[in-house]
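Got the model open in your viewer? Set up a cartoon view with the chains in separate colors, keep the selection box handy, and follow along stop by stop.

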Amino acid sequence: MPGDVSSTEDPRFMNESAPADAWKTCYRELAPKLLLFARQWVAEPADAEDVVQTAFVKFWRKQPDAQREHYPLLYAAVRSTALDLLRGSERRSRREAEPCVTVLREDSTFFDTSVEQREDAALIEGALRSLPPEQREVLVLRVWGSLTFAEIAATLGESINTVASRHRYALDALRRQLKPYAHERF
Amino acid sequence: MNDSELEDQLRALAPAAPSAGLATRVERQLTATPSTVPTAGVIQRPARTALAWHWLRALGWAGAGAAVALAGAALFSTLGKTARQSSSAATTRPLEAGPLATVNAQPMAEASAVTDGPAFEPTETSRELVSVKNSDELLETENGTVREVRYTYLEHMTWAHPVTGARLEIEVPREDVYFLPVSLQ
C-alpha cells in the first residue's frame, strides 16, 4: 500500500552518516500524513502537493538534521503554507468578484483504500469534512499524524487543554455521525 | 465504541500517498543551490581573534588611564589657578600703601637679564600709573569675597653705555590685576 508507513516508522531514522539522503526517509514517512493535513484546507490534490513541497523544502533547509521532535514544526509549516495559499485564493476570488467556493472533487479521497475499505473511507471522509476545521485538524494530527497533545498544541499555538477538548468533541461528533452505520461496519 | 476503538478504526485508513512527481520536485529543489541565503537562520557572529581582543582591551585600559590623567591635570590646573588668585589677593594687602614699590624691582631685573651685555648698563627705570579700574563684579573665592582691580602702568627703562654714552630707552605697557578683599575696601 502506498500510504503504508509502518515500515519506516522509526523515530531514530536520522543518522549522521548520510545527511544528503536523510530527507528521503523523512519524506517517505511523513509525506502522506502531511498531504492529508494539507488537504484539510486545500481541496485540490495538486495544490495540496504544492503546499507539502513548499513546506517540506523550507523545513528541511532549516532543519537538515531534523529529528522526531521537530515534526511539529513541519506540520506547522504545512499549515502556515496552506493558509497562505487559501488567503491568496480568497483574495483572488474577491478581486475577480466571484464567491470563494471550495469545490471538492468527487473522485478525491483522503485515504488510500482497498476495495473492502472504500465505503468506510467514504463515510469517514464525509464525517471528517463535516467537522469544524479546528476540530478536524486536531483529529488529523492526533490520529494520522501520531502527534501527542503537547505536540499538537505546539503546532497550532494552542493550549493542551484546548487541543484535548477539540479532540474529544471531534470524536464525539464522528461517533454520532457514524452511529447509523456502526452495526454494519464500526 | 469508546474513543480508543474509534481512533483505531480511523487509523486503519492510511492517508493517500502523494504522487511520484512530488518526491522528484522536492529532491530537485533540495539538491539545487538556494539562490538566496536563508535569512531566518541565525547568522553566526564571526569569531574574534584572541590577539585583537587583547589589543582592544589594552587600548581600552590605556584610554581610560589617559582620561584619568587628563582629568587630574585639569583639576590640578584649576586648583593652582585658584591658589595663585588667593595668594595675589593676600599679597595685595601690603600693597595698599604702595603697590608700586613692591614690584618695582622685578622688571628692572628682568631687563638686566635680557640685556646683560658687556656694554650697556641700566641707568633708570620708572613706572607711570595710567589708570586704575575697579570691577563691578564681586568674586567668591576660598578667602572670601574679592573685587578685581586693574592697575595699568607704563614702564620706562633706560640703559646707557658707560664708554660711548649711548642710551637705550624702552617703554612697556603693563597691567597688574589684583583681587582685593571686599572687607578692605
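## Stop 1: where the chains meet

Start at the boundary between chain A and chain B, where about 3,000 Å² of area is buried, 65% of it from carbon and sulfur atoms. Keep in mind as you click around that this is a predicted model. Select the residues in contact across the boundary: you should get 38 from chain A and 26 from chain B.

Now show side chains and look for charges. Between chain A and chain B the count is four salt bridges. One to zoom in on pairs Asp3(B) with Arg175(A), whose closest N and O atoms sit 2.3 Å apart. Counting polar contacts between the two chains gives 14 residue pairs, both partners at pLDDT 80 or more.

Which elements of chain A supply at least two residues each to the side that touches chain B? Color these: α1 (22-38), α2 (45-62), β1 (111-112), α4 (118-130), α5 (133-143) and α7 (160-178). The largest share comes from α2(A), with nine residues. By residue type, the side of chain A that touches chain B splits into 23 nonpolar, nine charged and six polar.

## Stop 2: a strand pair across the boundary

Next, select β1(A) together with residues 14-15 of chain B, which form strand β1 of that chain. These two strands run antiparallel and are joined by two bridges. Click Phe111(A), then look across to β1(B): the bridge partner there is Pro15(B).

## Stop 3: chain A on its own

Hide chain B for a moment. Chain A has seven helices and one strand, and reading along the sequence you meet them as α-α-α-β-α-α-α-α. Of the 186 residues in chain A, 45% are buried. Take the contacts in chain A with a separation of 6 or more: 60% of them are between residues 24 or more positions apart.

Now go to Ser146(A), in the loop between α5 and α6 (149-156) of chain A. Check the backbone here: phi of Ser146(A) is near 55 degrees, a positive value in a residue other than glycine. Is Ser146(A) buried or exposed? Neither label fits, because its relative accessibility is 33%, so Ser146(A) counts as partly exposed.

Show what surrounds this serine. Leaving out residues up to four places away in sequence, Ser146(A) touches Lys33(A), Arg68(A), Leu141(A) and Glu151(A). Draw a C-alpha to C-alpha distance from Ser146(A) to Lys33(A) and you get 9.2 Å, for two residues 113 apart in sequence.

Glu151(A) takes you into α6(A), where it is buried along with Ile152(A), Ala153(A), Thr155(A) and Leu156(A). Step just past the end of α6(A) to Gly157(A), which takes a positive phi of about 75 degrees.

## Stop 4: chain B and its hairpin

Swap the display so that chain B is showing. This chain has five helices and four strands, and from the N terminus on they run α-β-α-α-α-α-β-β-β. Buried residues make up 22% of the 185 residues in chain B. Among contacts in chain B between residues at least 6 apart in sequence, 60% join residues at least 24 apart.

Select residues 121-141 and 144-160 of chain B, which are strands β2 and β3. The two run antiparallel, with 16 bridges between them. How many residues does the hairpin from β2(B) to β3(B) pass through? Look at the turn: the link is two residues. Partway along, find Lys133(B), which stands opposite Arg150(B) in β3(B).

While you're looking at strands, keep one rule of thumb in mind: in a regular strand the side chains alternate between the two faces of the sheet.

Last click: Arg127(B), in strand β2 of chain B. Its relative accessible area is 14%, so Arg127(B) counts as buried, the cut-off being under 20%. Show its side chain and follow it to Glu155(B): the two side chains make a polar contact at 2.8 Å.

Terms used. Residues numbered from 1 in each chain as written. Chains lettered and ligands numbered in written order. Predicted model: local features only at pLDDT ≥ 70, side-chain atom pairs only at ≥ 80, totals over all residues. Heavy atoms only, no water. Contact = heavy atoms within 4.5 Å. Buried area = accessible area lost by both parts, 1.4 Å probe. Polar contact = N/O pair within 3.5 Å; in protein donor to acceptor, adjacent residues only side chain to side chain. Nonpolar A, V, L, I, M, F, W, Y, C, P; charged D, E, K, R; others polar. Pairing = 2+ DSSP bridges. Buried < 20%, exposed > 50% of the residue type's maximum accessible area, 1.4 Å probe, protein only.
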